[in-house]
Amino acid sequence: MTRPPVRFGHTELPAHQRQGLRKAIRLEWITIAFLAVSVTLVGLVLGNSQAMKAAWIEDLLSFLPPLAFLVAVRVSRALPSAKHPYGQHRSVAIGHLVAAVALTTMGTYLIVDSAIGLILLEHPTIGTVEIFGATIWLGWLMIGVMALIALPPVFIGRAKMTLAEELHDKVLYADADMNKADWMTAVGSIVGVTGIGLGVWWLDGAAAMFIAGSILWDGLRNTGAAVTDLMDARATTFDDTAPHPVAIAVDDYLRTLRWVDDAGSRVRDEGHVFHIEAFVVPRKGQMPSLDTLEDARTACIGLDWKVQDIVVVPVRELPDVVDHRG
């Protein structure tokens, strides 16, 4: 039985990306299941530790990126229409922004809450619990739970990182980046609980501030990236480290055409895919026909699956906003 085509808008994904998308969706459901277990376990042994409280809240916030990814993938499959002529790929950036703002808000709250505890010299205490007739210090359970849940997100995050690049998905990348750093939260919580056990009460508050700072940093970094994308900044790679090479590929191809003297493009990142305006300066006396322009447009779409749509516009000279590398 032939599988139905998998699309982002009207762009049908190549086989490799289809497989990658299925893996990413599966990993996000695995992440949600793991978080449900870890949130429950941490909640059961929470106690009075500020560090454990911060780690528990971080786990709760970690539901947002996978949920945003799953919703955005579903919404972005909608075909362009008269109401949404560019499709609904911006759902990726919106999901990215919602998750980032939530992280920023909660990170700020936790830093303030932890700082107040340190300033007021609040000495947290950890009691004992009875298990199968034996009395055990609750801190041992806290340390055991955090050690148990520390490493799985790291491996899941590494797997997501590769898929984020293949799918050009910044929400998936942000989620993967947070997963890879989760071990630091676990270690910070263990340090805080150990500090309480050793009588170094301030270690718990300091560990909580460290965890809160990590949450705030993730939130600020991802908020900046999401807002930049929504403001139609120059398209970048999935990790925002460099301009995306698709514009260079389009310009280089157009410059190889016999009738083109120079070419330059501006690329709008719609989410997983791009909308491109390619400006071409025809050679003197070689104004292209409609068929010639359509052939050039079709060839550019074939360069990369992420080229959702492209317009090829003949101009007298290139606009100032495009790169002049001819």
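On one side of helix 11 (residues 290–301), Leu-290, Asp-291 and Asp-295 are exposed, where exposed means over 50% relative accessible area, buried under 20% and partly exposed in between (1.4 Å probe, protein chains only). The model is predicted, so that local features need pLDDT of at least 70 and side-chain atom pairs count only at pLDDT 80 or more, while totals for chains, interfaces and linings use all residues. Residues are numbered from 1 along each chain as its sequence is written, and side-chain values use heavy atoms, with hydrogens and water left out. Helices (H or I, at least four residues) and strands (E, at least two) are DSSP runs, numbered from the N terminus.

Leu-293, Ala-296 and Cys-300 of helix 11 are buried. These three residues cover an arc of only 60 degrees around the axis, which puts them on the same side of helix 11; the arc is that of the directions from the helix axis to the C-beta atoms. In an α-helix there are 3.6 residues a turn, so residues three or four places apart point the same way. The cover over the buried residues of helix 11 includes helix 10 (246–256) and strand 7 (307–314). At 1.5 Å a residue, the 12 residues of helix 11 should span 16 Å, and the end C-alpha atoms are 17 Å apart, which agrees. The expected span is 1.5 Å times one less than the number of residues in the helix.

Strands 5, 6 and 7 form an open sheet of 3 strands in the order 5-6-7, with mixed pairing; two strands pair if DSSP finds at least two bridges between them. Strand 5 and strand 7 stand at the edges with a single partner strand each, so one side of each is left without a neighbour in the sheet. Neighbouring strands are turned by 20 degrees against each other on average, direction ignored. Helix 10 packs on this sheet and touches strand 5, strand 6 and strand 7, and its direction makes about 160 degrees with that of strand 5. Axes are lines fitted to C-alpha atoms, for helices over the stretch in contact, and angles run from 0 to 180 degrees between N-to-C directions.

Within the sheet, strand 5 (residues 260–269) and strand 6 (residues 274–282) run antiparallel and are joined by 9 bridges. Val-260 stands opposite Pro-282 in strand 6, and Arg-268 stands opposite His-275 in strand 6. The hairpin of these two strands has 4 residues between them, and Gly-271 takes a positive phi near 145 degrees. Of the 10 residues of strand 5, 7 are buried, so strand 5 is largely enclosed by the rest of the structure.

In helix 10, Val-246, Ala-247, Val-250, Asp-251, Leu-254 and Arg-255 are buried. They cover an arc of only 165 degrees around the axis, which puts them on the same side of helix 10. The buried residues of helix 10 pack against strand 5, strand 6, helix 11 and strand 7, contact meaning heavy atoms within 4.5 Å.

The largest nonpolar core has 28 residues, of which Val-42, Met-52, Met-142 and Met-146 touch the most other members. A nonpolar core is a set of buried Ala, Val, Leu, Ile, Met, Phe, Trp, Tyr and Cys residues joined through side-chain atoms within 4.5 Å. At least two residues of this core are supplied by each of helix 2 (50–61), helix 4 (91–119), helix 5 (138–150), helix 8 (182–197) and helix 9 (202–230). Helix 5 gives the largest share, 7 residues. Not counting residues up to four places away in sequence, Met-52 touches Val-42, Val-45, Leu-46, Met-142, Met-146, Ser-189 and Val-193. A second, separate core of 25 residues includes Phe-8, Ile-32, Ala-72 and Val-171.

Leu-64 lies in helix 3 (residues 64–75) and is partly exposed, with a relative accessible area of 28%. Leu-64 touches Ala-99 and Ala-102, not counting residues up to four places away in sequence. Leu-64 and Ala-100 are 36 residues apart in sequence and 8.9 Å apart in space, C-alpha to C-alpha.

Two loop residues other than glycine have a positive phi. Leu-121, with phi of about 55 degrees, is found in the loop between helix 4 and strand 3 (128–131) and counts as exposed at 52% relative accessibility. Asp-232, with phi near 60 degrees, is in the loop between helix 9 and helix 10 and counts as partly exposed at 38% relative accessibility.
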